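This report is written for a reader who meets the structure for the first time. Please view the sequence and the model together while reading.

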Amino acid sequence: MTSADRLEQDLPRILERLYVGPRPLYADDVLRVATRTPRSLGAPTLERWVPMTPVTGWIAATPRFPWRVVGLVALLAIALAAAALFVGKQPEKRPAPYGPAGNGLIAYEYAGNLYVGDPVTGQTTAITSRAGDRNPTFSPDGSRIAFLRSYAYYPELDHRVDVVTVRPDGAGLRVLTPERRSDIAACCAWTPDSTRVLADILVESDPEAPYTRLVAFDASRAGEPQALGTAASGLALDEQGCCGPGFPGPGPQVAAVLRPPRGDRILSLGDAWPRHTITEMNLDGGDARAVVTLEFYDLGQPAWSPDGSTIAFNAAVDMGGGPCGQSPCTPEWRAYLVNADGSGLRLLAPEAGPPPPGMVMSEANPLWSPDGSTIAVWRTFDRPDGPDCCPDAARLVLVDVATGAEREIEAAPGQGYVPGTSWSPDGLLGTSWSPDGRSLLISIFRAETWPYDQDATIMLDIETRQTTELPWPHYSVPSWQRLAP
Amino acid sequence: MDQRAILERAQQGDERAFGVLVDVHLARLDATARLILRDPDLARDAVQECLIRAWRGLPNLRDPERLEAWLYRLTANACFDVLRQQRRRPIEVELAKSDGPVVPDYSAALVEAELIHRALGRLDPGQRAVVALHFLVGMPLTEVAATLRIPVGTAKSRLHQSLVVMRATVPRRSDEAADTVPGGQLA
């Protein structure tokens with residue numbers, strides 16, 4: 001064991017010894033002061049009497065009409081159209097938002113700067129250099145990259161960020177936020193037509209117990225975002241419109257946005273123990289309809305199929321007091337499928353055999369292939385008393401959606417790697433399909449340097465099982481550009 | 001009574017239920033605040049602020065399983081609020097002695113702990129917050145980032161920088177000594 005290993009291994013014990021004592025002597029005093037505090041102080045005075053949600057929604061939805069900008073844009077558009085006619089150019093062909101597409105560049109963040117890399121040549125190009133940019137996400141048509149830009153050295157002291165888009169060549173930088181915002185909890189996802197950027201904002205009426213709400217920025221100009229509807233909590237957007245750690249709050253937990261092909265419906269997770277429900281609703285929260293309701297099963301990670309007809313999700317037994325009613329607990333998560341109308345609930349991979357003795361098997365992050373024929377899922381095996389950091393074994397399984405037949409790709413990313421955070425049902429996505437559906441991009445960290453070193457990315461050809469490590473380090477889940485096939 | 005029932009009673013204003021909910025976390029919340037702020041009095045202020053915010057925000061908490069992570073988020077935020085308020089005057093940094101045993105003990109492990117304590121003093125509060133939540137509380141880095149509302153990459157680089165500082169401060173000798181001579185004497 002190296003000196004470095006030893007330090008990290010011993011730190012929890014050392015810090016425990018240094019800092020954790022018995023119950024603080026001041027405990028009774030601070031508890032008394034806290035519970036004597038009126039709970040109503042968190043609400044703004046006006047909001048105690050007037051429901052603010054409709055008001056703020058109306059304000060956000062009706063910005064001042066920018067006649068001057070429209071005029072200028074119209075003139076510019078006419079000039080551009082004339083130029084296009086003059087040179088006889090055809091409009092650039094764009095891919096459809098869903099279904100297979102051509103593979104383009106890969107956008108990623110490293111040390112606060114954004115890059116695009118060519119996975120074929122390995123060549124990379126920096127497209128920003130401010131050391132405050134993150135979450136690059138290609139639009140479905142592949143024309144722009146949305147990202148968050150921060151300006152403070154200590155983000156804890158200054159949460160303000162801008163939502164920005166840029167072309168893949170680094171030109172055409174466009175700030176969508178008129179003023180820096182401190183309320184953005186997650187960003188960025190695109191609407192299928194690539195005209196709006198979705199973000200998740202904190203509702204500040206009670207900053208001590210924030211919850212979040214979906215908003216949409218117009219991708220063509222700076223302006224106040226449109227509030228998309230009722231409060232929702234627990235949403236952290238990524239390019240696949242899926243979920244991540246959020247904040248406690250009232251209302252349903254939005255788990256998957258943008259039902260294909262129109263992107264006008266979302267999925268939410270709700271729990272009224274012991275009943276857990278996946279609900280489909282409009283973006284404004286209207287026309288809600290329960291798709292799946294299971295008792296004593298915790299639900300997670302719902303994901304639409306590319307044609308919007310089927311939902312994949314995870315479920316684990318929930319007996320109350322924790323995911324499996326005991327502590328410590330290693331719940332067994334399994335992937336399921338259900339038709340969008342709520343019929344046809346079934347296990348994704350019914351052929352999966354029992355785990356090795358003493359192990360718990362979990363299936364995490366069901367990922368639809370672009371053509372919807374296959375789902376990639378990580379199957380992990382844990383000892384209940386094993387380390388928190390990583391599973392004892394992780395295998396990538398490709399399941400034929402129609403038949404349930406599976407192909408297991410054992411240790412596909414190579415020895416010495418574990419697959420990012422993708423084994424955790426609550427973790428961030430670390431695996432994505434290539435636009436053409438022939439490869440999987442797997443974010444990993446090197447087991448020997450976990451957890452503080454940068455991630456690496458493995459590209460796995462699912463037919464040949466050949467793996468290639470992309471020759472650049474990064475700190476974020478990469479986003480792959482879609483091109484017209 | 002299970003956690004969910006206690007939470008519901010606390011949400012309805014039951015002060016005793018609130019005490020039951022948070023009491024088990026107080027020692028570690030205090031430890032987290034002291035590690036970040038390195039001042040016991042400021043740490044008490046931060047824990048106090050955390051509990052006030054928790055009491056006020058509790059009616060909006062849906063899931064008892066989120067309580068612990070939420071409390072650490074409130075504590076970290078309260079620590080940074082305290083630091084923000086302290087900006088106008090210098091922070092009195094606790095340097096002289098750790099909070100460990102006061103009986104002199106020259107074992108390698110204690111020397112190492114003291115060196116770690118000093119090394120933490122060379123970190124900035126943002127780095128200490130990452131160290132506290134990751135190594136003391138045991139949060140994965142993704143959760144640390146979500147708790148502090150910083151990018152995961154920032155959390156990783158801070159942890160990396162913190163470990164570099166601590167490795168430079170803690171001599172290699174102490175690592176080896178701890179392996180082979182438990183309770184041994186200071187080299």
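## Local features of chain A

A:Leu460 is buried, at a relative accessible area of 0%; buried means under 20% relative accessible area, exposed over 50% and partly exposed in between, with a 1.4 Å probe and protein chains only. This is a predicted model, in which local features need pLDDT of at least 70, side-chain atom pairs count only at pLDDT 80 or more, and totals for chains, interfaces and linings use all residues. Residues are numbered from 1 along each chain as its sequence is written, chains are lettered from A and ligands numbered from 1 in the order in which they are written, and side-chain values use heavy atoms, with hydrogens and water left out.

A:Leu460 belongs to strand S27 (residues 456–461). Helices (H or I, at least four residues) and strands (E, at least two) are DSSP runs, numbered from the N terminus. Between A:Leu460 and A:Ile442 there are 7.6 Å in space, C-alpha to C-alpha, and 18 residues in sequence.

Two residues that are not glycine have a positive phi, as the table shows.

| Residue | Phi | Loop between | Relative accessibility |
|---|---|---|---|
| A:Ser194 | about 60° | S8 (184–190) and S9 (196–203) | 11%, buried |
| A:Arg465 | about 65° | S27 and S28 (467–469) | 41%, partly exposed |

A further loop, between strand S12 (253–256) and strand S13 (265–272), holds A:Pro261. The peptide bond that leads from A:Pro260 to A:Pro261 is cis, with omega near 0°.
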